[in-house]
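Hi,

Here's the structure I promised to pass on. Have a look at it first, and then read on for what turned up in it.

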Amino acid sequence: MILDKCPNCPGKKFYIKHKNGEKLIREEAILAHCFSCMGGYVDGKEPCEIKECCLYPFSPFQRSKKIDK
Ligand code: SF4
């Protein structure tokens, strides 16, 4: 269960909020989605490497927020 890992990972509280049927603002939804997509960061707080994803520039742990062109 992804909620058992990484107690302070970004997006976790918003993921739980969503699962409880509460509304999220856009930034919370992005973080919640990346939290879910990354499997709750069970492998550690690593940046996403899927540059093709439209949420990539907003995903947590990016070393650089610049988008490669
Ligand atoms: S940016 Fe990465 S972690 Fe976030 S939704 Fe896209 S692929 Fe998943």
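**How the helices pack**

The buried residues of α1 pack against α2. Keep in mind that you're looking at a predicted model, not an experimental one.

Let me start with the overall picture. The protein chain has 2 helices and 0 strands. Of its 69 residues, 17% count as buried. If you take the contacts between residues at least 6 apart in sequence, 40% of them join residues at least 24 apart.

Now back to that helix pair. Helix α1 covers residues 12-19 and helix α2 covers residues 26-37; their axes come within 7 Å and cross at roughly 95°. That crossing angle makes α1 roughly perpendicular to α2. Who touches whom? On the α1 side you'll find K12, F14, Y15 and H18, and they meet E28, L31, A32, F35 and S36 in α2. Sorted by class, the contact of α1 with α2 has 5 nonpolar, 2 polar and 2 charged residues.

Which residues of α1 are buried? They are K12, F14 and Y15. Looking down the axis of α1, these buried residues fall within an arc of 165°, so they line one face of the helix. Just past the end, α1 is followed by G21, whose phi is positive, near 85°.

**F14, up close**

F14 is a good residue to click on. You'll find it in helix α1, and it counts as buried because it has 22 C-beta neighbours inside 10 Å, where 20 or more is what it takes. Leaving aside neighbours within four places in sequence, F14 is in contact with L24, E28, L31 and A32. You could also check its distance to H33: the two are 19 residues apart in sequence, and their C-alpha atoms are 8.9 Å apart in space.

**Around the ligand**

H33 turns up again here. The residues around the ligand are H33, C34, C37, M38, C48, I50, C53, L55, Y56 and S59. What classes make up this shell? It has 8 nonpolar, 2 polar and no charged residues.

C48 is one of that group, and its place in the chain is the segment after α2. Is C48 buried, exposed or partly exposed? It has 16 other C-beta atoms within 10 Å, so it counts as partly exposed. Not counting residues up to four places away in sequence, C48 touches C34, M38, Y56 and S59, and those four are listed around the ligand too. C48 and C37 are 11 residues apart in sequence, with 9.3 Å between their C-alpha atoms.

**Two positive phi angles to look at**

Y41 is not a glycine, yet it has a positive phi of about 55°. It sits in the segment after α2 and is buried, with 20 other C-beta atoms within 10 Å. F61 isn't a glycine either, and its phi is positive too, near 70°. F61 also lies in the segment after α2, but with 14 C-beta neighbours inside 10 Å it counts as partly exposed.

That's what I have for now. Happy browsing!

Methods:
Residues are numbered from 1 along each chain as its sequence is written. This is a predicted model: local features need pLDDT of at least 70, side-chain atom pairs count only at pLDDT 80 or more; totals for chains, interfaces and linings use all residues. A residue is near a molecule or strand if its C-beta atom, placed from the backbone, lies within 6 Å of it. Ala, Val, Leu, Ile, Met, Phe, Trp, Tyr, Cys and Pro count as nonpolar, Asp, Glu, Lys and Arg as charged, and the others, Gly among them, as polar. Axes are lines fitted to C-alpha atoms, for helices over the stretch in contact, and angles run from 0 to 180 degrees between N-to-C directions. Helices (H or I, at least four residues) and strands (E, at least two) are DSSP runs, numbered from the N terminus. Angles under 35 degrees count as roughly parallel, over 145 as roughly antiparallel, 65 to 115 as roughly perpendicular and the rest as oblique. Two residues are in contact if their C-beta atoms, placed from the backbone, lie within 7 Å. A residue is buried if 20 or more other C-beta atoms lie within 10 Å of its own, exposed if 12 or fewer, and partly exposed in between; C-beta atoms are placed from the backbone. The arc is that of the directions from the helix axis to the C-beta atoms.
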